[in-house]
Amino acid sequence: DGRYTMEYYDPAARVGVAIEPCAKIFSEVVIYCQKHEPFVCIEPWTAPPNAFNTGWGLASAGTAMRSIITYRPIFTMPRGTKR
């Protein structure tokens, strides 16, 4: 259905999140964090970085878009995750 799943898991906190956006609308997911800060920003993007300069992946002005993004908590360590 054009969806993909991105997971972020913090072994120290023993919690994470799975994000399932629609790839037709959200082609990118950016994870931003700062060292030694107790937060993480997970941002689904509708275009790749630098799209305003390159024009690649931009929607036309006035284009209506509707989508659903599912956020699901993760409370068990995913396979392959190291403590």
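Visitor: Which residues line the largest pocket?
Guide: In this predicted model, the largest pocket is lined by Trp45, Thr46, Ala47, Pro48, Pro49, Asn50, Ala51, Phe52, Gly57, Leu58, Ala59 and Met65. On a 1 Å grid over the protein atoms alone, a pocket is an open set of points where a 1.4 Å probe fits, with protein on both sides within 12 Å along at least five of seven lines, and lining residues have an atom within 4 Å of a point.

Visitor: And how much space lies in there?
Guide: About 160 Å³, where a volume is the space filled by probe spheres set on the grid points, which are joined across faces, edges and corners.

Visitor: What classes make up the lining?
Guide: Nine residues are nonpolar, three are polar and none is charged, with Ala, Val, Leu, Ile, Met, Phe, Trp, Tyr, Cys and Pro counted as nonpolar, Asp, Glu, Lys and Arg as charged, and the others, Gly among them, as polar.

Visitor: What about Asn50, where does it lie?
Guide: Asparagine 50 lies in the loop between S4 and helix H1 (51-54), and its phi is near 70°, a positive value in a residue other than glycine. Helices (H or I, at least four residues) and strands (E, at least two) are DSSP runs, numbered from the N terminus.

Visitor: Which other loop residue has a positive phi near 60°?
Guide: Arginine 14, which is not a glycine either, has that value, and this residue is found in the loop between S1 and S2. Arginine 14 counts as exposed because its relative accessibility is 54%, the classes being buried under 20% relative accessible area, exposed over 50% and partly exposed in between (1.4 Å probe, protein chains only).

Visitor: Switching to the sheet, in what order do the three strands run?
Guide: The order is S1-S2-S5 in an open sheet with antiparallel pairing, and two strands pair if DSSP finds at least two bridges between them. Strand S1 (6-10) and strand S5 (70-74) each have a single partner strand and stand at the edges, so one side of each lacks a neighbour in the sheet.

Visitor: How many bridges between S1 and S2?
Guide: Five, in the antiparallel sense, with S2 covering residues 15-20, and tyrosine 8 stands opposite valine 17 in S2.

Visitor: What does S3 pair with?
Guide: Strand S3 (residues 28-32) is joined to S4 by five bridges, and the two run antiparallel.

Visitor: Any conventions I should know?
Guide: Residues are numbered from 1 along each chain as its sequence is written, and side-chain values use heavy atoms, with hydrogens and water left out. Local features need pLDDT of at least 70 and side-chain atom pairs count only at pLDDT 80 or more, while totals for chains, interfaces and linings use all residues.
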